[in-house]
Amino acid sequence: MKWLVLLGLVALSECIVILPLRKMKTLRETLREKNLLNNFLEERAYRLSKRDSKITIHPLKNYLDMAYVGNITIGTPPQEFRVVFDTGSADLWVPSISCVSPACYTHKTFNLHNSSSFGQTHQPISISYGPGIIQGFLGSDTVRIGNLVSLKQSFGLSQEEYGFDGAPFDGVLGLAYPSISIKGIIPIFDNLWSQGAFSEPVFAFYLNTCKPEGSVVMFGGVDHRYYKGELNWIPVSQTRYWQISMNRISMNGNVTACSRGCQALLDTGTSMIHGPTRLITNIHKLMNARHQGSEYVVSCDAVKTLPPVIFNINGIDYPLPPQAYITKAQNFCLSIFHGGTETSSPETWILGGVFLRQYFSVFDRRNDRIGLAPAV
């Protein structure tokens, strides 16, 4: 019996496609180092209101904090791109060779004329990312993630990009539910599932805490070597984003936020934790953090004395130690908590990379659930 179990595990492991990810400096970090962050946010804010009734509008989130990227290829022969594998969006896009924006000059662009399998839909698109925006058109082609192949995959091609100068990625590969994708477009994960690319419609993230290398995204199964103990399964509360119900957030035994329960999005496309500004301010008061520009500065010695911030989800505590929620930037330290979700109803939190580095995460589309376990 033991041999049968072992053979089953080996067979399962052979079905898993594991793709390496690399932790990059976020655009926020790059701009901060050059003392350009506040100017950037002020200059780009107006772009949020840019709209055109003739094109498909697909609003997304702030892209400043995207940090983990991996490689995919598009076309025949394949052209390689560095993308963010993003559970907070559902669409795939990369820059087009016809892009006229300065940001495209520093990123790889897709040459549709060099791909024998390219098909064009002529549908214009516009995708908003907080203080950035891309505009372009839809195409279709063969997309490869490792040895996974999605045929006739629809994806966006940017012709104009605003606010993406210096971004550590060429494009974005969304892994959220089809309900938030551009109308009529089947996301790549759903295409792979329907084409029989894997037997189990799951993907999982291991985000390394120490080194730029070592992080992975895996498709079609779970490699148990990346976490400790058992996976705790949490039902998805709304099949749009990877959204779950959270019971409370506490520090030192006192509830500091989410006192009556709230919603949380697990988002690999941001490195931060975002919540309602009022509640984030209360958490910062407990840290003795001071507001500086668009961020909160914390004493670097605070990591020795501050308690963990505990997220209770489905009755289980998920502690986030101060070494995780306080980050060093040049000669000072910053909180990774940011406000801005108060427009959501009910109270909504976004748990990004700082949380997911502590907890290995499995996203199960067949059963609409998320599994969490302490990362190794």
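The paragraphs below lead through a predicted model, from two annotated aspartates to a cavity, a buried glutamine, the disulfides and a glycine in a loop.

Because the model is predicted, local features are given only where pLDDT is at least 70 and side-chain atom pairs count only at pLDDT 80 or more, whereas totals for chains, interfaces and linings use all residues. Residues are numbered from 1 along each chain as its sequence is written, and side-chain values use heavy atoms, with hydrogens and water left out.

A natural place to begin is the annotation. The UniProt record, an unreviewed entry, places the feature "active site" at Asp86 and Asp267; positions from that source are given in the numbering used here, feature names are shortened, and annotations may be inferred rather than shown by experiment. The two positions span 182 residues in sequence, yet no two of their C-alpha atoms are more than 6.8 Å apart, so they gather at one spot. Asp86 lies in strand E4, residues 79-86, where helices (H or I, at least four residues) and strands (E, at least two) are DSSP runs numbered from the N terminus. Asp267, by contrast, is found in the loop between strand E17 (262-266) and strand E18 (273-274).

How accessible are these aspartates? Asp86 has a relative accessibility of 0% and therefore counts as buried, and Asp267, at 4%, counts as buried as well; the term means under 20% relative accessible area, while exposed means over 50% and partly exposed lies in between, with a 1.4 Å probe and protein chains only. Gly88 ties the two together in the model, since its backbone nitrogen is reached by the side chain of Asp86 at 2.9 Å and by the side chain of Asp267 at 3.4 Å. Both distances can be read against the rule for a polar contact, which is a pair of N or O atoms within 3.5 Å; within protein, one atom must be able to donate a hydrogen and the other to accept it, and residues adjacent in sequence count only if both atoms are side-chain atoms.

The next topic is enclosed space. Rolling a probe the size of a water molecule over the atoms shows where empty space is left. On a 1 Å grid over the protein atoms alone, a cavity is a set of points where a 1.4 Å probe fits but cannot get out, and lining residues have an atom within 4 Å of a point; grid points are joined across faces, edges and corners, and a volume is the space filled by probe spheres set on the points. The count comes to 1 cavity of 30 Å³ or more, and about 70 Å³ of space lies in the largest cavity. Of the 14 residues that line the largest cavity, the closest to its centre are Asp91, Leu92, Ser154, Phe155 and Ile185. Strand E8 gives the largest share of this lining, 4 residues.

Strand E8, residues 148-162, also holds Gln153, which has a relative accessibility of 1% and so counts as buried. The side chain of Gln153 makes a polar contact with the side chain of Asn191 at 2.7 Å. Leaving aside neighbours within four places in sequence, Gln153 is in contact (heavy atoms within 4.5 Å) with Gly139, Ser140, Asp141, Val143, Ile186, Pro187, Ile188 and Asn191.

The covalent cross-links come next. With a disulfide taken as a pair of cysteine sulfur atoms within 2.5 Å, the count comes to 3 disulfides, and they follow the pattern 1-2, 3-4, 5-6 when bonded cysteines are counted along the chain. Cys99 is joined to Cys104 with an S to S distance of 2.0 Å; the torsion about this S-S bond is about 65°, so the disulfide is right-handed, and Cys99 and Cys104 are buried. Cys258 is joined to Cys262 at 2.1 Å, and here the value of -105° about the S-S bond goes with a left-handed link, again between buried residues, Cys258 and Cys262.

The remaining disulfide joins Cys300 to Cys333, S to S 2.0 Å. This pair links distant parts of the chain, 33 residues apart, with Cys300 in the loop between strand E20 (295-298) and strand E21 (309-313) and Cys333 in strand E24, residues 332-335. The link of Cys300 and Cys333 is right-handed, with 110° about the S-S bond. Cys300, at 29% relative accessibility, counts as partly exposed, whereas Cys333, at 6%, counts as buried.

A last stop is Gly229, in the loop between strand E11 (215-219) and strand E12 (232-235). Gly229 is exposed, with a relative accessible area of 57%. Gly229 and Ala375 are 146 residues apart in sequence and 9.4 Å apart in space, C-alpha to C-alpha.

Conventions:
On a 1 Å grid over the protein atoms alone, a cavity is a set of points where a 1.4 Å probe fits but cannot get out, and a pocket is an open set with protein on both sides within 12 Å along at least five of seven lines; lining residues have an atom within 4 Å of a point.
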